[in-house]
Amino acid sequence: QNENFELTVTTARTINVNILGEVFTNGSFNISAVNTAFNALIAAGGPNDIGSVRNIKVLSAGKKPRILDVYKYLNNPLVSQEFYLSENDYIHVPVAQKVVTLTGAVQRPFRYELLDKENLKDLIGYAAGFKVNALKGNIQIKRIEDDMEKIIDVNYLELEKNGGDFTLMNGDVITVKEINVTASNYVIATGAVQNPDTFALK
């Protein structure tokens, strides 16, 4: 005999999650079991100014540590499904080890955290590429080294051509300048002519 029944969940199960390290609020948090590590980090106020967003460790009993990378989540929100939490899990936010600042003619100038093997090409990718008027032939790197500040000029066009890259260091400030040279391959025809205008010169 078939029977019909209705099931209603009125309250989700809660779990305790411990969040430690470079977050605004350390401690144990009681959250819904349907939440992920991303939601738990929000409850803790998120990583602080020196906290990593690329190397966050999620520790569960009997499992290998999982590494949470917020940049991967921004590119693919489905990544969050890999970080559901269990009772008494730990989330540890370490200090960011390689942070650089990107300014100038890029789509998203910002302060970025890079992983050890990530360098200039990866950085430009995270910034969504150059603006149309970017001077790619002379990118300027400002670096503190041996108690001195120095300037390094990088020809990004040559890097692209040769398949190379430029190694960045923690604290680097990368500036992409704008092209400010006006066009020179033109002539202007004015006065007693049929169609006064600007014309390309070949």
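## Exercises around Arg54, Asn88 and Ala128

A polar contact of 2.7 Å links the Arg54 and Asp69 side chains (a polar contact being a pair of N or O atoms within 3.5 Å; within protein, one must be able to donate a hydrogen and the other to accept it, and residues adjacent in sequence count only if both atoms are side-chain atoms). This is a predicted model, where local features need pLDDT of at least 70, side-chain atom pairs count only at pLDDT 80 or more, and totals for chains, interfaces and linings use all residues. Residues are numbered from 1 along each chain as its sequence is written, and side-chain values use heavy atoms, with hydrogens and water left out.

**Exercise 1.** Work out the setting of Arg54.

*Solution.* Start with the backbone: Arg54 lies in the loop between helix H1 (37–43) and strand E3 (56–59) (helices, H or I, at least four residues, and strands, E, at least two, are DSSP runs numbered from the N terminus). Next, accessibility: Arg54 is buried, at 3% relative accessible area (buried is under 20%, exposed over 50%, partly exposed in between; 1.4 Å probe, protein chains only). Finally, the partners: Arg54 also makes a 2.9 Å polar contact with Glu118, side chain to side chain.

**Exercise 2.** Find the phi of Asn88 and of Ala128, then place both residues.

*Solution.* Asn88 has a positive phi of about 70° without being a glycine; Ala128 has one near 65°. For background, most residues other than glycine have a negative phi. Now the loops: Asn88 sits between helix H2 (70–75) and strand E5 (89–93), Ala128 between helix H3 (120–126) and strand E8 (139–145). Lastly, Asn88 is partly exposed at 43%, and Ala128 is partly exposed at 42%.
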